[in-house]
Amino acid sequence: MAESQLPASLRERADRVLDASPLVPVVTIDDPAQVVPLGDALVAGGLRVLEITLRTPYGLDAITELRARHPEIWVGAGTVATLDQYKAVEEAGGQFVITPGSTRELLDYGTRATASLLPGVATLSEMMEGYRLGYRAFKFFPAEAAGGVAALKAFGGPFGDVRFCPTGGIREATASDYLALPNVAAVGGTWLTPGDTLREGDWQSVTRIAQYSLQSLQSAD
Ligand code: 3PG
């Protein structure tokens, strides 16, 4: 597809989310009481994009709650695997949808959806399906297992106009290696919200991890 024929909104809307924050916490809510203090702690730590997974039954309500409480940030869903889930995220007020992999059904719906889609891919062949429909931003998952920094560097050769948000196996110490690549817009991961820290309700540590991780990126520049 020629650049001039791309659905402009598809690309621009994905860019707006990816440009809002270099780090995206992948958050799974195990207890609805965590939603408000966790959201507050992440925002206080400087994060501006929250990916709430649908791995527990609390994800959708958490999205609605966080959207109302923090209208200044981007709140969307991760681990979206079906069209029904995609539509439920839109009803819940989610602003974006991230999928672990790509299906034609999700890709098609994403071109006309209210919540912008960041389709998951692990290979160039998968990416090319989305590329054909006009997508220029993808989640690269599982990043470390699928080739990591070296793979993304190689993807940049034939597809220099595509941006990625790698997740899967990335930690604070390796985030800057990914972000140093010109085709990496942001990186995501669960290291920003460690399970034991959440269980203990240690919200100050959540804020500190976010702050420290963002600062580490600046010092790696
Ligand atoms: C995701 O869905 O992006 C991953 O579960 C994040 O992977 P991580 O736990 O290795 O950060």
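**A three-stranded sheet and its helices**

Gly 120 stands opposite Lys 139 in strand S7. The model described here is predicted. Strands S6 and S7 pair in the parallel sense, and two bridges join them. S7, residues 137-140, also pairs with S8. That pairing is parallel too, and runs over four bridges. Here Ala 137 stands opposite Arg 163 in S8.

Together these strands form an open sheet of three, in the order S6-S7-S8. The pairing in the sheet is parallel. Its edge strands are S6 (120-121) and S8 (163-166). Each edge strand pairs on one side only.

Helices pack against this sheet. Helix H6, residues 124-133, touches S6, S7 and S8. The direction of H6 makes about 155 degrees with that of S7. Helix H7, residues 148-155, lies across S7 and S8. H7 runs at about 155 degrees to S7.

Strand S7 is covered on both faces. Ala 137 and Lys 139 lie on one side, and both are buried. Phe 138 and Phe 140 lie on the other side, and they are buried as well. Two of these residues also appear in the strand pairings: Ala 137 stands opposite Arg 163, and Lys 139 is opposite Gly 120.

A second packing arrangement involves two helices. Helix H3 covers residues 59-69, and helix H4 covers residues 83-92. Their axes are 9 Å apart and meet at an angle of about 30 degrees. Angles under 35 degrees count as roughly parallel. H3 and H4 are therefore roughly parallel to each other. Their crossing is right-handed. On the H3 side, Leu 60, Ile 63 and Thr 64 make the contact. On the H4 side, Ala 88, Val 89 and Ala 92 do so. By class, this contact has five nonpolar residues and one polar residue. No charged residues take part.

The loop after H3 was also examined. His 70 lies in the loop between H3 and strand S3 (74-78). The relative accessibility of His 70 is 9%. Buried means under 20%, so His 70 counts as buried. Leaving aside residues up to four places away in sequence, His 70 touches Gly 39, Asp 40 and Val 43.

Methods:
Residues numbered from 1 in each chain as written. Predicted model: local features only at pLDDT ≥ 70, side-chain atom pairs only at ≥ 80, totals over all residues. Heavy atoms only, no water. Axes fitted to C-alpha atoms, helices over the stretch in contact; angles between N-to-C directions. Parallel < 35°, antiparallel > 145°, perpendicular 65-115°, else oblique. Left-handed = near helix turned anticlockwise from the far one by under 90°. Contact = heavy atoms within 4.5 Å. Nonpolar A, V, L, I, M, F, W, Y, C, P; charged D, E, K, R; others polar. Pairing = 2+ DSSP bridges. Buried < 20%, exposed > 50% of the residue type's maximum accessible area, 1.4 Å probe, protein only.
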